[in-house]
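Reader: Hey, I've got a structure open and don't really know where to look. Can you walk me through it?

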Amino acid sequence: MAEAHSAVAFSFSITHEGWDVNFDREVLHLVWQSGIRSWKKRFFRFKNNIKTGVYPASLHSLWLTAALVTAIHFVGYKVPFDLVGKVAPYLPGSSITAHLAGSFLVAVLLWLFVIYSIRYTLKLLLMYKGWMYEARGKGSSISSVTKFWLAAVKLLSGWSTPMLYSFQGSLPRLPLPSVEDTIQRYLRSVRPLLDDENYARMERHANEFKDGIGVKLQRYLLLKSWWSTNYVSDWWEEYVYLRGRSPLMVNSNFYGIDALLMHPSKIQASRAATIIHSCLQYRRLIERQELEPILVQGLVPLCSWQYERIFNTTRIPGIETDKLVHVQDSKHIVVYHKGRYYKVLIYYKNRILQPCEIERQMQEILDDTSTPCAGEEKLAALTAGERTTWARTRADNFSKGVNRFSLDTIEKAAFVVTLDSIPYEFDPAHPEKLDNYGRILLHGKGHDRWFDKSFTLCIGSNGRIGFNAEHSWADAPVMGHLWEYCIATEAENGYGEDGRTVGTPEFCPAPVRLQWDMSPKCLEAIENSYLVAEKLLNDVELRIYMHNAYGKGFMKLCRVSPDAYIQMALQLAYYRDAGKFSLTYEASMTRLFREGRTETVRPCTIESAAWVKSMEDKSATVEQRYKLLAAATARHQLGYQDAMCGKGIDRHLFCLYVVSKYLEVDSPFLKEVLSEPWRLSTSQTPHGQTSRLDLKKYPNCISAGGGFGPVADDGYGVSYIIAGEDFLFFHISSKISSPETNSARFAVAIETALSDMKNLFTEYKKLQQHKNGSA
């Protein structure tokens with residue numbers, strides 16, 4: 001195994017005999033190639049930014065416009081307002097040269113005027129959200145306004161193939177709701193959670209806020225919404241994520257799991273190499289802006305801003321607040337195996353290493369028998385512990401020398417890979433194996449994931465894969481998109497008959513061990529952070545429930561939104577588990593707006609509570625329950641649509657609270673709202689974000705989704721994915737120390753709720769058939 005060496009490209013010394021100059025041609029050649037690659041990337045980035053800036057037109061249209069204006073002018077016709085004739089006298093050169101230059105200048109100005117008129121018209125069109133509230137599917141009709149809107153958007157955006165950031169300049173800003181509307185929605189959302197006395201008290205506080213300090217806070221927030229691109233995102237990133245001082249592990253980071261129905265290779269080095277190569281290809285697509293932007297219904301673009309920081313990004317700890325550091329380029333990854341860190345180069349002659357070449361690198365690491373440096377094995381526990389402790393330890397022990405160099409190598413890596421020494425197992429007959437699989441990805445041993453990195457790719461000894469991702473830089477759908485791409489690419493390319501990667505290695509730069517020099521004080525800090533992490537991970541109960549009785553196919557037959565269907569099942573399950581209703585969080589996205597992230601949907605509504613109670617009321621009829629369920633799902637769907645359209649509750653109130661803190665004004669209403677615990681925190685993992693994932697051709701390429709830790713100490717964290725037509729996966733987390741929660745018990749409650757809902761729809765259908773037959 002290659003150890004760390006001091007590679008010096010150029011050095012000189014002065015001796016009594018004169019100058020002594022030494023240089024290494026190979027290293028200088030690598031430096032030269034690196035510079036060439038960097039300048040190429042800058043050039044293509046500049047070129048792509050121009051293409052993006054003039055979308056939906058192309059640069060070819062500029063030359064066509066210039067030729068047309070020049071021809072019209074020289075034929076004798078006047079360009080509008082005789083602009084060429086007015087500009088030409090002020091340009092140097094002969095008469096013909098001046099008129100040619102004037103024609104080109106006027107053509108550019110006219111071209112820019114038309115292009116930006118189209119872009120702003122498209123921006124105005126994308127502000128319309130009425131299409132989202134109209135019924136879709138067979139037998140549904142849309143309004144004339146929406147039909148006109150669809151035609152206009154298609155006309156203005158369909159000129160050329162869009163690049164990743166082509167629509168960024170055309171996306172509207174997140175609208176700021178009125179305080180009155182937000183208060184009204186809030187009071188309606190808490191009605192099923194409060195008795196009459198507490199609701200009257202909350203209503204009084206809300207009205208006092210609305211008529212009092214809320215007016216002043218809204219003015220400041222309105223100013224911010226005009227000035228900033230998005231009035232929520234920067235404050236959300238800073239105050240919700242970066243200023244948090246509690247450990248990232250379990251509390252913030254989330255995980256993603258393998259496509260469980262396929263196991264293309266059981267060779268760890270081969271599977272690692274293929275997924276690493278797919279990740280690097282994905283990074284190249286982002287750098288070149290060749291990744292297709294996500295279009296809702298193939299027409300309405302989502303914001304692509306979050307993709308910028310998926311690679312080469314690290315969260316750096318601070319005493320009071322962390323910061324996200326993103327480097328423009330990284331030519332290496334870092335691999336962790338058996339307590340040792342390795343720097344692995346990923347480029348050769350300006351190309352990404354092939355999977356067969358990366359496999360050899362991974363195998364070399366797996367075969368290495370060297371022992372870790374003192375403190376190296378549990379070093380990443382610092383990233384799993386308290387943030388302030390990590391910030392102080394970093395400043396005291398990693399600010400100079402070999403420690404700084406090695407830490408810098410990790411933090412500037414494209415991403416981190418962990419080659420685990422244990423298998424990731426899945427066996428439907430033994431569900432506890434899948435639970436353990438999830439725990440390995442969520443927290444591992446507390447010291448074998450670099451929790452500060454944008455994501456850590458995890459590879460089990462049996463070839464199963466997963467990832468652990470930091471949350472502040474982006475939301476789960478962005479990692480989900482990468483994950484789908486990797487799985488789809490792997491299914492297309494495959495492996496050899498022996499399970500290894502295909503191809504012949506041309507060049508395999510040897511992995512380089514990172515070196516460390518830990519002081520006794522540093523070792524103590526590492527051990528203390530590990531104890532914090534160990535206590536936290538030992539308190540996590542995780543249950544991954546695979547529901548295969550039915551899936552999205554049955555829900556669509558019932559003409560119910562699958563998300564609304566599952567949320568109602570969760571409400572019923574929680575009520576049966578806890579014996580009461582609770583404030584429920586569901587994440588929805590606001591990426592229809594520029595730099596949008598998430599908004600909260602509150603699934604516990606007046607309608608859902610009425611339906612749940614009817615399911616527990618033996619005197620309620622099937623027809624009554626069905627009608628109440630239909631009303632509950634319709635209300636949930638409306639709440640979800642409102643959240644996506646910028647009419648949510650929680651982000652607006654959060655920003656008003658931040659303004660109040662800046663102004664040093666106390667608001668009892670905002671303080672109570674922001675301190676309410678989310679005992680049921682839920683999130684759906686999106687599926688089918690890339691066109692490369694063809695489930696008809698590769699039906700087993702269904703990811704099992706991922707999960708996160710519980711938000712409240714006495715609550716549940718539930719992530720679910722609608723996997724294809726027949727599968728649902730639920731990732732249920734809670735704390736063992738809480739007597740109120742039990743993940744396994746809640747999984748049974750979800751299974752029972754889903755079964756009862758299917759029976760309800762089946763019985764109602766039979767009842768309707770019987771009525772129709774009698775008639």
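Author: Sure, we'll go through the sheets, the cores and one helix. Keep in mind that this is a predicted model.

Reader: Okay, sheets. What's the strand order in the open sheet of eight strands?

Author: The order is β15-β9-β8-β12-β13-β14-β3-β20, and the pairing is mixed. β15 (512-513) and β20 (706-708) sit at the edges with a single partner strand each, so one side of each has no neighbour in the sheet.

Reader: Which way do β8 and β12 run, parallel or antiparallel?

Author: Parallel, with three bridges joining β8 (residues 332-337) to β12 (residues 416-419). For a pair to click on, try V334, whose bridge partner in β12 is V416.

Reader: And which helix packs on β8, β9 and β12?

Author: That's α11 (residues 355-367), and its direction makes about 160° with that of β9 (340-345). Another helix to find is α15, which lies across β3 (254-257), β13 (455-459), β14 (465-469) and β20. α15 runs at about 130° to β3.

Reader: Switching topic: how many residues are in the largest nonpolar core?

Author: It has 111 residues, and M362, F415 and F669 have the most contacts inside it. Helix α10 (residues 268-287) gives the largest share of this core, nine residues.

Reader: What is F415 in contact with, if I skip its neighbours within four places in sequence?

Author: The list includes I276, C279, L280, F311 and I333. V334 is on it too, and that's the residue I paired with V416 a moment ago.

Reader: What's in the second, separate core?

Author: That one has 39 residues, among them Y565, M568, L572 and L680. As a general point, nonpolar side chains tend to be buried together in soluble globular proteins.

Reader: Where does L680 sit?

Author: L680 is in β19, opposite T584. β19 belongs to an open sheet of six strands, ordered β16-β22-β21-β19-β17-β18, again with mixed pairing. Here β16 and β18 (598-601) are at the edges with a single partner strand each, so each has one side without a neighbour in the sheet. On average, neighbouring strands in this sheet are turned by 20° against each other, ignoring direction.

Reader: How many bridges join β19 to β21?

Author: Six, and the two strands, residues 680-685 and 716-723, run parallel. One pair there is T682 with V718 in β21. Helix α19 (residues 562-578) packs on this sheet and touches β17 (584-589), β19, β21 and β22 (727-735).

Reader: What about β17, is it mostly covered or mostly open?

Author: Mostly covered, since five of its six residues are buried. Three bridges join β17 to β19 in parallel, while β17 and β18 pair in the antiparallel sense over four bridges. A587 has T600 in β18 as its bridge partner.

Reader: Last one: how many residues does helix α17 have?

Author: It has 18 residues, 520-537, and reaches 26 Å from its first C-alpha to its last, close to the 26 Å expected at 1.5 Å a residue.

Reader: Why do its buried residues line one face?

Author: Looking down the axis of α17, the buried residues fall within an arc of 135°, so they line one face of the helix. They include C522, I526, Y530 and L537. The face turned away from that buried side carries exposed P520, K521 and K535.

Reader: And what covers the buried ones?

Author: Among the covering elements are α12 (381-384), α13 (387-397), α15 (431-442) and β16 (540-547). You've met two of those already: α15 lies across strands including β3, and β16 is an edge strand of the six-stranded sheet.

Notes
Residues numbered from 1 in each chain as written. Predicted model: local features only at pLDDT ≥ 70, side-chain atom pairs only at ≥ 80, totals over all residues. Heavy atoms only, no water. Expected span 1.5 Å × (residues − 1). Buried < 20%, exposed > 50% of the residue type's maximum accessible area, 1.4 Å probe, protein only. Arc of directions from axis to C-beta. Contact = heavy atoms within 4.5 Å. Core = buried A, V, L, I, M, F, W, Y, C linked by side-chain atoms within 4.5 Å. Pairing = 2+ DSSP bridges. Axes fitted to C-alpha atoms, helices over the stretch in contact; angles between N-to-C directions.
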